[in-house]
Amino acid sequence: MQHQYEALCQRILDKGVMVANERTGVGCLTVVNADFEYHVGFGEFPLVTTRKAPYKAAIAELLGYLRGYSDAQQFADIGSPTWFANANENKAWLANPHRKGENDMGRVYGVQGRSWAKPDGSTIDQLVKVYANLKAGKDDRGEIITFWNPGEFDQGCLRPCLHSYQFSVLDGTLYLNATQRSIDVPLGLVFNMVQVYTFLALMAQITGLKPGVAYHKLVNCHIYENQIELMKEQLTREPFESPRLLVNPEIKSLDDVLTWVSKDDFTVAGYEHHPAISYPFSV
């Protein structure tokens with residue numbers, strides 16, 4: 001599955017168009033549309049091997065989304081210190097009257113997934129609804145968890161990049177379609193591939209369904225101009241064999257996921273990788 005990633009990176013370098021980015025002030029070499037597939041049932045984990053990838057931080061971030069976290073320190077406490085910059089260094093968010101203070105992320109990602117606000121003041125827990133249906137073997141063609149809420153963009157530090165998950169059940173097998181509008185390919189995509197795969201593997205385990213294929217739709221795929229030379233270096237490296245993800249079999253319910261499960265309940269076997277590359281992150 002790594003070849004999908006390597007091919008996209010090379011495509012961006014060869015055919016990408018340089019686009020100005022107003023939010024960050026850093027140009028992006030950009031292509032539109034890519035479709036990745038992760039065959040979870042076969043166990044081939046899409047973890048990049050041409051550099052060391054922090055897969056446990058990616059899984060910790062996913063756990064934070066599923067728990068509806070809205071504070072960067074909450075993510076850091078479970079092993080994913082990825083949100084401090086967007087919570088505390090985004091100038092537009094710092095000036096936003098909805099910001100509650102240091103480390104506050106606002107109503108982004110998991111907050112929308114766990115407490116989507118209705119006009120009457122009540123909320124919808126999208127995750128619980130989808131889990132209950134899948135646990136019962138039900139697929140109403142709307143087993144969707146979406147973080148994309150245009151009506152509340154002004155109440156969060158960042159619009160969601162990977163914004164929608166739809167689960168489907170066919171003959172006892174669970175499938176996942178994930179849609180992502182914007183992709184920082186050297187940094188964010190390495191996290192996102194891990195998260196899409198892990199989300200399907202985890203949901204299949206706690207619902208008693210067989211894991212099938214995760215389909216990952218990528219729209220605006222870009223490499224920031226200050227990442228280009230490092231990516232060229234990375235693409236000179238020969239990939240190793242893909243590792244396998246091992247999920248603690250004691251994780252048996254959504255309640256487990258929301259309470260005691262940690263990043264250490266997920267390990268990889270056979271992860272051989274090249275040295276780390278420190279890509280710059282644009283806020």
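**Reading a strand pair and its helix neighbour**

Val247 stands opposite Phe266 in S10.

Student: Good place to start. What kind of model is this, and how many helices and strands does the chain have?

Tutor: It's a predicted model. The chain has 10 helices and 10 strands.

Student: How do I read the radius of gyration here?

Tutor: You set it against what a compact globule with that number of residues would have. For 283 residues that would be near 19 Å, and the chain has 18 Å, so the two agree. The C-alpha trace spans about 50 × 50 × 30 Å along its principal axes.

Student: And what share of the residues is buried?

Tutor: Buried residues make up 53% of the 283. As for contacts with a separation of 6 or more, 70% of them are between residues 24 or more positions apart.

Student: Back to the strands. How should I read the side chains along S10?

Tutor: The general idea: in a regular strand, side chains alternate between the two faces of the sheet. Now the case here: S10 covers residues 266-269, with Phe266 and Val268 on one face, both buried. Thr267 and Ala269 point to the other face and are not buried.

Student: Which residues of S9 are on its covered face, and which on the uncovered one?

Tutor: Leu245 and Val247 are on the covered face of S9, while Arg244 and Leu246 are on the uncovered one.

Student: How do the two strands run, parallel or antiparallel?

Tutor: Antiparallel: S9, residues 244-247, is joined to S10 by 4 bridges. Take Leu245, whose bridge partner in S10 is Val268. Val247, as we said at the start, faces Phe266.

Student: Which residues does Thr198 touch, leaving out those up to four places away in sequence?

Tutor: Thr198 touches Phe45, Ile59, Leu62, Leu245 and Phe266. Thr198 itself lies in helix H8, residues 188-207. So this helix residue touches Leu245 of the covered S9 face and Phe266 of the buried S10 face.

Student: Is Thr198 buried or exposed?

Tutor: Buried, because its relative accessible area is 0%, and the cut-off for buried is under 20%.

Student: Last one, the outside. What does the accessible surface come to, and how many charged side chains are there?

Tutor: The surface comes to about 12500 Å², with 52% belonging to carbon and sulfur atoms. There are 26 positive and 32 negative side chains, and the centres of the two sets lie 3 Å apart.

Notes
Residues are numbered from 1 along each chain as its sequence is written. This is a predicted model: local features need pLDDT of at least 70, side-chain atom pairs count only at pLDDT 80 or more; totals for chains, interfaces and linings use all residues. Side-chain values use heavy atoms; hydrogens and water are left out. The radius of gyration is taken over C-alpha atoms; the globule rule is 2.2 Å times the number of residues to the power 0.38. Buried means under 20% relative accessible area, exposed over 50%, partly exposed in between (1.4 Å probe, protein chains only). Contact means heavy atoms within 4.5 Å. Accessible areas come from the Shrake-Rupley method with a 1.4 Å probe; for residues, only the protein chains shown count as cover. Lys and Arg count as positive and Asp and Glu as negative; His and the chain ends are not counted. The place of a charge is taken as NZ of Lys, CZ of Arg, CG of Asp or CD of Glu. Two strands pair if DSSP finds at least two bridges between them.
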